[in-house]
Amino acid sequence: MRLLTGIKPTGIPHLGNYFGAIRPALDLQHQGDAFYFIADYHSMTSLFDAAQRREFTRGVALDWLACGLDPVRTVLFRQSDVPEVAELMWILGTMAPMGLLERAHAYKDSLAKGRAPSFGLFSYPVLMAADILLYDSNVVPVGRDQKQHVEITRDLAIKFNLTYGETFVVPEPKIRDESAVVPGLDGQKMSKSHGNTIELFGDEKALRKKIMGLVMDSRTPAEPKPDAEQNLAIQLLKLVAPAAVALDFENRLRAGGLGYGDLKKALFEHYWNCFAAARARRAELVTNRDYVEQVLRDGAQRARATASQVLARARKACGLA
Ligand code: ADP
Ligand code: TRP
């Protein structure tokens with residue numbers, strides 16, 4: 001099994017990224033060959049500050065490593081260190097119907113918000129298809145919001161294979177039901193672009209304040225709450241606390257007698273503990289700049305070795321070589 005997933009360096013990773021993509025990807029890394037990367041080319045559609053891109057790119061690498069990516073086994077690399085992906089994007093672009101790309105979420109959302117989308121944003125799914133197909137990936141662990149992009153990738157792979165002969169592996173998305181869409185501070189999908197995130201790492205005081213500031217309704221603590229499973233703090237607690245603990249809080253909220261303040265306090269404690277080991281590892285890694293750079297250089301070399309073979313196969317199939 002060849003696994004591949006990417007995270008854009010557009011901000012600091014949050015619980016949505018962690019439970020939607022990072023954790024599922026790390027849980028699978030010993031079951032196959034994993035290629036996990038930092039999608040810095042993709043970040044260019046929404047981030048226009050070079051220094052920030054560098055900073056966030058290093059940050060995402062640190063986060064992958066702190067959360068348990070094993071760089072000996074798993075290939076961790078920067079997308080732009082493998083420029084072969086840009087050539088494959090062109091090749092796949094010639095197979096991508098305008099209508100298919102016009103239906104893609106990122107582009108549609110941008111139009112709906114009245115922005116003027118760039119060619120980069122329009123072609124975003126084609127670059128993502130190139131990312132996936134360039135490594136013969138068959139399993140792509142992502143959150144539900146990326147399902148459509150993986151489906152576009154499948155369409156392009158199938159179309160290329162039909163036109164030029166069997167060349168690409170057709171991948172499958174792998175989406176975990178329980179964390180397919182992690183809700184943010186406002187109950188909407190947690191996303192860097194919605195400003196409603198709880199970051200994995202950061203200042204304790206600020207993060208406590210964020211969690212204690214979760215908006216609940218005005219029912220008194222004593223009132224039973226038959227809709228307890230829909231409570232935002234309960235939903236988040238289910239991710240960061242042991243199942244039995246989260247269930248106990250849910251039952252107490254349903255029965256009445258548990259105040260929202262106490263619930264949020266418990267949520268903060270479990271969230272903080274859940275990342276304690278990763279936080280300690282990150283603090284250690286942060287002081288070791290050379291190590292992280294070395295991991296990325298080594299990853300780039302290994303990624304390129306595979307990428308150049310697959311690209312050569314694609315070039316040959318379509319008559320470029
Ligand atoms: P963001 O939406 O914050 O910009 P990215 O687009 O960089 O996040 O997403 C990186 C990965 O994290 C993708 O696989 C995506 O599906 C997953 N992801 C992001 N937000 C969530 C969420 N709220 N719930 C589940 N998965 C998510
Ligand atoms: N588009 C993905 C996101 O916004 C990031 C990404 C880029 C990706 N290339 C990928 C994810 C390839 C999985 C596979 O989250």
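A polar contact is here a pair of N or O atoms within 3.5 Å, and that cut-off is worth keeping in mind while you move through this predicted model.

**Stop one: ligand 2**

Begin by selecting ligand 2 together with Gln146, where a polar side-chain atom of Gln146 lies 3.1 Å from a nitrogen atom of the ligand. Add Tyr124 to the selection, and you will find one of its polar side-chain atoms 2.7 Å from a nitrogen atom of ligand 2. Asp131 also belongs in this view, since an N or O atom in the side chain of Asp131 is 2.7 Å from a nitrogen atom of ligand 2. If you then widen the selection to the whole surroundings of ligand 2, 14 residues appear, and the closest of them are Lys8, Tyr124, Met128, Asp131 and Gln146.

**Stop two: helices H4 and H8**

Next, select residues 124-133, which form helix H8, along with residues 84-93, which form helix H4; the two pack at an angle of about 115°, with their axes 8 Å apart. Viewed as a pair, H4 passes H8 in a right-handed crossing. To see what makes the contact, show the side chains of Val85, Leu88, Met89, Leu92 and Gly93 on H4, and on H8 those of Val126, Leu127, Ala129, Ala130, Asp131 and Leu133. Sorted by class, the residues of this contact divide into nine nonpolar, one polar and one charged. Asp131, listed here on the H8 side of the contact, is the residue already met beside ligand 2.

**Stop three: ligand 1**

Now move to ligand 1, which has 19 residues around it, with His14, Gly143, Asp145, Val182 and Lys192 coming nearest. Select Val182 and look at its backbone, where an N or O atom lies 2.7 Å from a nitrogen atom of ligand 1. The backbone is again the part to display for Gly16, which has a polar backbone atom 3.2 Å from a nitrogen atom of the ligand. For Asn17, show the side chain instead, as one of its N or O atoms is 3.1 Å from an oxygen atom of ligand 1.

**Stop four: helix H13 and its partners**

Finally, select helix H13, residues 260-274, and bring in helix H11, residues 232-240; their axes come within 9 Å and cross at roughly 25°. That angle makes H11 roughly parallel to H13, and the crossing is left-handed. On H11 the contact involves Ala233, Ile234, Leu236, Leu237 and Val240, and on H13 it involves Leu263, Ala266, Leu267, His270, Tyr271 and Cys274. By class, these are ten nonpolar residues, one polar residue and no charged ones.

Keep H13 selected and add helix H12, residues 243-255, which packs with H13 at an angle of about 170°, the axes being 11 Å apart. H12 and H13 are therefore roughly antiparallel to each other. Here Val245, Phe249 and Leu253 of H12 meet Tyr260, Leu263, Ala266 and His270 of H13, a contact of six nonpolar, one polar and no charged residues.

Terms used:
Residues are numbered from 1 along each chain as its sequence is written. Chains are lettered from A and ligands numbered from 1 in the order in which they are written. This is a predicted model: local features need pLDDT of at least 70, side-chain atom pairs count only at pLDDT 80 or more; totals for chains, interfaces and linings use all residues. Side-chain values use heavy atoms; hydrogens and water are left out. Axes are lines fitted to C-alpha atoms, for helices over the stretch in contact, and angles run from 0 to 180 degrees between N-to-C directions. Helices (H or I, at least four residues) and strands (E, at least two) are DSSP runs, numbered from the N terminus. Angles under 35 degrees count as roughly parallel, over 145 as roughly antiparallel, 65 to 115 as roughly perpendicular and the rest as oblique. A crossing is left-handed if the near helix is turned anticlockwise from the far one by less than a right angle, and right-handed if clockwise. Contact means heavy atoms within 4.5 Å. Ala, Val, Leu, Ile, Met, Phe, Trp, Tyr, Cys and Pro count as nonpolar, Asp, Glu, Lys and Arg as charged, and the others, Gly among them, as polar. A residue is near a molecule or strand if one of its heavy atoms lies within 4 Å of it. A polar contact is a pair of N or O atoms within 3.5 Å; within protein, one must be able to donate a hydrogen and the other to accept it, and residues adjacent in sequence count only if both atoms are side-chain atoms.
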